[in-house]
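Work through the exercises below with the sequence and the structure at hand, and try each task before reading its solution.

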Amino acid sequence: ATRLKKTNADVVKKLMLLGVMANANQVVDFDTAALVCEEFKVKYEREIVVTIEERLIDDSDDADENLEPRSPVVVVMGHVDHGKTSLLDAIRDAHVTATEAGGITQHIGAYKVNKNGRDITFLDTPGHAAFTAMRARGANITDIAILVVAADDGIMPQTVEAINHAKAAGVSIIVAINKMDKPEANPERVKQALTEHGLVPEEWGGDVICVPVSALKHEGIEELLEMVLLTADMLDLKANPNRAAKGTVVEAKLDKGRGPVATLLVQNGTLHAGDVIIAGTVVGRVRAMTDDKGRKITDAPPSTPVEIIGLSDVPAAGDIFHAVADEKMARELAEQRRQEEKEKQFKSTQKVSLDDLFSQIQQGEIKDLNIIVKADVQGSVEAVKTSLERLSNDEVRVRVIHGGVGAITDSDLMLANASNAIIVGFNVRPDAQTRENAHAQNVDIRTYRVIYECIEEIETAMKGMLAPKY
Ligand code: GDP
């Protein structure tokens, strides 16, 4: 109305004549606005608003002919003490020869090994917690998860967590049955237990590759790496090395002498020494780049982890980075992101909750209702899972993305955060700290004593008939 030099009422009246029942604060689309302008005999023009982000960062998809194969990025997960660290060490020892760079390996958060002339990139921080924390920041960096299960111990609670975190992220799982050197090793029992969690071994007609290994005695490592390459072949991993680099911050710290130091995993494009990058709210020029063998390098193609210096500040692990052409504009974008972060702290981001589930479904914001189930006994987990998933209807699919025995922990919170899920507990609760964290992160936790109460409450919430809580 202001631009047309008319009153609100004039514009609303015209809209009504055009059959649009709008009020003064309503947004109308371009075509409707154009009709109104024509009615008033006013010239109009379509202005395309381009954000700094769009001007600075080219996130368009690469044409097929520009794509080249890239090596897989692998993470190692599993229950504590099942041998994740030992396995990562065994792989590194076997493949980083003393002839390379004087044999000094650098721990930069990720490393690359070569097998049969092909590279495999391993993330050096074992465990699903770090993995899911990154995913909660929007980073999706792994292609394959190696699930380590000790043959003498079998599937344990964190094994189940790892399986479900990997599944929720949609990464391929290869099972390494570790500690085969132990006399009490029982790989058949492990395989049996795996099937109970939806992982059916190949030799039993499923599609999950299981490799018996001993990280301690360095046995089975080569077979495991071969299986990683085989899985990578099936995934047909590709990237375009001839574009501006894009990737994720794997680790970052402040070094007394060198300033902010960050390990980046390049996921697309090639990162060059001298490039200007923006990582989250941090900007800088890549002053020097070192690979995992401590060598200075000038170019890092896709799937390469590099340690860089030259950033103005320490970015967060899981931050996405982009190489950009315009440093000034990058600083502007960083400032804008800092502002947005500040604002976000006030208004918490939209997350799924039972209280406004119905309106979120109505607005088409939710197609999958993701639920994490924790209970005091396995029987309840199974029963709840089946009953909840049965609530699925045409509008929403109810998916139990993780079920486990035991208290509600920060690891559950992290998964809920990364997968936009609610958490339900039966005869288990979060401790005070976890409850506080859940509140801060806006994760909805509901606890119940009996199963039907839970089913009823979620069913009611899906229909939009949940009584408001006062
Ligand atoms: P993580 O907690 O999963 O990282 O497990 P670690 O790698 O720290 O290993 C836990 C313990 O299991 C250590 O004492 C290792 O020496 C031992 N271990 C790891 N792999 C093997 C193996 O293949 N055989 C045997 N006998 N012990 C192993």
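**Exercise 1: a strand and its neighbours**

In this predicted model, L264 stands opposite V306 of strand β15.

Task: Establish which strands pair with β10 and in what sense, and decide whether β10 is enclosed or open to the outside.

Solution. Begin with strand β15 (residues 304-311), which pairs with β10 in the antiparallel sense over six bridges. Turn next to strand β9 (residues 246-255), which also runs antiparallel to β10 and is joined to it by nine bridges. The connection between β9 and β10 is a hairpin of three residues, and D255 has G259 as its bridge partner in β10. Finally, apply the cut-off for burial, which is under 20% relative accessible area: nine of the ten residues of β10 (residues 259-268) are buried, so the strand is largely enclosed by the rest of the structure.

**Exercise 2: the ligand and its shell**

Task: Describe which residues surround the ligand, and find which backbone atoms lie by its oxygen atoms.

Solution. First take the shell as a whole: 15 residues surround the ligand, and the closest are D81, K84, T85, S86 and D181. By character, the shell divides into three nonpolar, seven polar and five charged residues, and helix α4 (residues 84-95) contributes the most to it, with three residues. Then look at the backbone, where a polar atom of K84 is 2.8 Å from a ligand oxygen, while a backbone N or O atom lies 3.0 Å from a ligand oxygen in G83 and 3.2 Å in L216. Last, consider the surface: the ligand taken alone exposes 580 Å², of which the protein buries 74%.

Terms used
Residues are numbered from 1 along each chain as its sequence is written. This is a predicted model: local features need pLDDT of at least 70, side-chain atom pairs count only at pLDDT 80 or more; totals for chains, interfaces and linings use all residues. Side-chain values use heavy atoms; hydrogens and water are left out. A residue is near a molecule or strand if one of its heavy atoms lies within 4 Å of it. A polar contact is a pair of N or O atoms within 3.5 Å; within protein, one must be able to donate a hydrogen and the other to accept it, and residues adjacent in sequence count only if both atoms are side-chain atoms. Accessible areas come from the Shrake-Rupley method with a 1.4 Å probe; for residues, only the protein chains shown count as cover. Helices (H or I, at least four residues) and strands (E, at least two) are DSSP runs, numbered from the N terminus. Ala, Val, Leu, Ile, Met, Phe, Trp, Tyr, Cys and Pro count as nonpolar, Asp, Glu, Lys and Arg as charged, and the others, Gly among them, as polar. Buried means under 20% relative accessible area, exposed over 50%, partly exposed in between (1.4 Å probe, protein chains only). Two strands pair if DSSP finds at least two bridges between them.
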